Amino acid sequence: MGPGDLQDVLGDLRHEEHADLLVGLGRSDDAAVYRVTDDVAIVETVDFFPPIVDDPYLFGAIAAANSMSDVYAMGGQVLFALNVAGFPRELPKAIIAAVFRGGADKVREAGGVIAGGHTVVDAEPKYGLCVTGRVDPRRILIKGGLRAGQRVFLSKPLGTGVIATAAKNDTCEPAILDGAVQSMLRLNRVAARVAQETGATGATDITGFGLLGHASEMVEASSAGLTIRSQDLPLLPGARPLAELGGWSGGMGRNRRYLEEIFGRLRIDPSVPDAMVNLFCESETSGGLLFAVDPERAASVHEGFARAGEPVWEIGEVTAAPHLALI
């Protein structure tokens, strides 16, 4: 569901108030957070979707990584998860087992465990997780935590959406798809840890609303702005030529319409090609963390990722004026 439609659906829901519900519908974010003690809060999220790749094991692992990413976006760590699944009655049991095995292995990699789940009969396969994590309630990362002057980082390259769409249309080279798969399989566990260690205050993960869609949520929630340097945005191999061919998912159009017609505070420099704007609006799967730290901690971000053997990109800065600028 696109961001505008989601706002319409949730607009009439009653926002329950509770002293220990630290993040809920009243402050829309990547996951709910409920305080248990002064030192421990539960992070809860659920996500599932149809297959993005043909291999059932990889589908399960990617869906699990994508589901757990919301816990990492809140600065948390994964404890356990429940499978959420729907499969056609006639689908071979070996395929279903492979999906579950992929998900369980990825949760194990995150330091968690699959504790159960629920499966229904559905015409189209769907799989994901309901994930429970933990976070210190005094150190929650939220979309609304941006502060003017901070440096902005992204922990994964962009392009999974346009590559997956090309693969579905049989117009993607296997090596390009494999690069996207490897990116989607990588957990945001390191990113969450480094963001916490370097004092990040605002964060989100890049998924269905695309880079610019999720960045706009941070602008909206923070009453601060973001300036993103297009030339510094990392792209997966093959993403740019596929973007120039113009093969988009339905999510890209919904995301861009929302930014232009509802959000209304997107400023695009004329030098940025339209194909690239579309790419930055395109839905992503299991994308990176977008987070901001004070400028004096920027070097520590690079050092933390380097120690873990993972890449990170500094892509912009937080501004006082509440606009989203792509330059």
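What radius of gyration would a compact globule of 327 residues have, and what does the chain have? The rule puts the globule near 20 Å. The chain has 19 Å, so the two agree. This is a predicted model, and every value here is computed from it.

Start with the overall dimensions. Along its principal axes, the C-alpha trace spans about 55 × 50 × 45 Å. The secondary structure comes to 11 helices and 13 strands.

Next, the packing. Of the 327 residues in the chain, 53% are buried, with buried meaning under 20% relative accessible area. Contacts reach far along the sequence. Among those with a separation of 6 or more, 85% join residues 24 or more positions apart.

Now turn to the surface. The chain exposes about 14100 Å². Carbon and sulfur atoms supply 53% of that area.

One opening deserves a look of its own: the second largest pocket. About 220 Å³ of space lies in this pocket. Its lining consists of 13 residues. Nearest the centre lie Ile52, Val53, Asp54, Ala167 and Leu177. Two elements give two or more residues each to the lining: helix 4 (160–168) and helix 5 (174–185).

What is the character of this lining, counted as nonpolar, polar and charged residues? The lining of the second largest pocket has 8 nonpolar residues and 5 charged ones. It has no polar residues. Here Ala, Val, Leu and Ile count among the nonpolar residues, and Asp among the charged.

Definitions and conventions
Residues are numbered from 1 along each chain as its sequence is written. This is a predicted model: local features need pLDDT of at least 70, side-chain atom pairs count only at pLDDT 80 or more; totals for chains, interfaces and linings use all residues. Side-chain values use heavy atoms; hydrogens and water are left out. On a 1 Å grid over the protein atoms alone, a cavity is a set of points where a 1.4 Å probe fits but cannot get out, and a pocket is an open set with protein on both sides within 12 Å along at least five of seven lines; lining residues have an atom within 4 Å of a point. Grid points are joined across faces, edges and corners, and a volume is the space filled by probe spheres set on the points. Helices (H or I, at least four residues) and strands (E, at least two) are DSSP runs, numbered from the N terminus. The radius of gyration is taken over C-alpha atoms; the globule rule is 2.2 Å times the number of residues to the power 0.38. Buried means under 20% relative accessible area, exposed over 50%, partly exposed in between (1.4 Å probe, protein chains only). Contact means heavy atoms within 4.5 Å. Accessible areas come from the Shrake-Rupley method with a 1.4 Å probe; for residues, only the protein chains shown count as cover.
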